[in-house]
Amino acid sequence: MADNSTNSSARGAWTFSPGDLAKDGWESVVDGSIDGWEHTGLRVANLEAEQTLTLPDAPVERIVIPLVGSFTVSYRESGAEPVVQTLEGRRSVFHGPSDVLYLGASCEARIEGSGRFAVAEAPTSEVLPAVYVPRESVAIELRGSGRNSRQVHNFG
């Protein structure tokens, strides 16, 4: 069995031990550096008050999703003035939708707040403007039936 104790030895693996995917303050970073993840990615982090994390200007579009807690995202689109957007979160992922923020490619951002959040990302050459989606605008669907039913929040 392969040793998954470090990120470099885990290339090509589908399961990772806690900490294997930690990078630059992020708890987990899944991106093109892992075999099979060239077209999509995910970052997850926990922040405490006064902590911040950054997203560099890159050819990657992103959606910032509060999982637990609320956050402030300061971002700057290419050639534009900086913008500050508050994302009202929730107590847990089981407490309804939260606000989300789409950031187009070539957008740098700084995230601060207290709680846990995720950033879904995908490489792209198309540059689209940022879009704030308040929780009230997130479409909610019921899928499946009986014991296999679930509520899906279509934030993206």
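**Group meeting talk: an all-strand chain and its aromatic cluster**

The chain I am showing today has zero helices and ten strands, where helices (H or I, at least four residues) and strands (E, at least two) are DSSP runs numbered from the N terminus. Please keep in mind that this is a predicted model, in which local features need pLDDT of at least 70 and side-chain atom pairs count only at pLDDT 80 or more, while totals for chains, interfaces and linings use all residues. Residues are numbered from 1 along each chain as its sequence is written, and side-chain values use heavy atoms, with hydrogens and water left out.

Let me begin with the overall form. The radius of gyration of the chain is 17 Å, close to the 15 Å that the globule rule gives for 156 residues, so the chain is as compact as a globular protein of that length; this radius is taken over C-alpha atoms, and the rule is 2.2 Å times the number of residues to the power 0.38. Of the 156 residues, 37% count as buried, a word that stands for under 20% relative accessible area, with exposed meaning over 50% and partly exposed in between, for a 1.4 Å probe and protein chains only. Among the contacts with a separation of 6 or more, 64% come from residues 24 or more positions apart, a contact being heavy atoms within 4.5 Å.

Now to the aromatic residues. How many aromatic pairs does a search of the whole structure find? The search finds two, counting rings of Phe, Tyr and Trp (its six-membered ring) whose centres lie within 6.5 Å, with planes under 30 degrees apart called stacked, over 60 edge-to-face and the rest tilted. The rings of Trp26 and Phe117 have centres 5.5 Å apart and planes at 70°, so this pair is edge-to-face. The pair links distant parts of the chain, since Trp26 lies in the segment before strand E1 (28-30) and Phe117 in strand E7 (residues 107-123), 91 residues apart. Trp26 is buried, with a relative accessible area of 3%, and Phe117 is buried as well, at 0%. Together with Phe71, Trp26 and Phe117 form one aromatic cluster. In addition, the charged end of Arg43 sits over the ring of Trp26, 5.4 Å from its centre, which here requires NZ of Lys or CZ of Arg within 6 Å of the ring centre and within 35 degrees of the ring normal.

Trp26 and Phe117 appear again in the largest nonpolar core, where, of its 19 residues, they touch the most other members along with Val64, Val73, Tyr75, Leu103 and Ile111. Such a core is a set of buried Ala, Val, Leu, Ile, Met, Phe, Trp, Tyr and Cys residues joined through side-chain atoms within 4.5 Å. The largest share of this core, five residues, comes from E7. Apart from it lies another core, of nine residues, among them Ile63, Ile65, Leu67 and Val100. Ile65 is found in strand E4 and is buried, with a relative accessible area of 7%. Not counting residues up to four places away in sequence, Ile65 touches several residues, including Val100, Phe117 and Phe155.

I will finish with one hairpin. Strand E9 (residues 139-143) and strand E10 (residues 150-154) pair in the antiparallel sense over five bridges, where pairing needs at least two bridges found by DSSP. Ala139 stands opposite Asn154 in E10. Six residues lie between the two strands of the hairpin, and Gly144 in the turn has a positive phi of about 80°.
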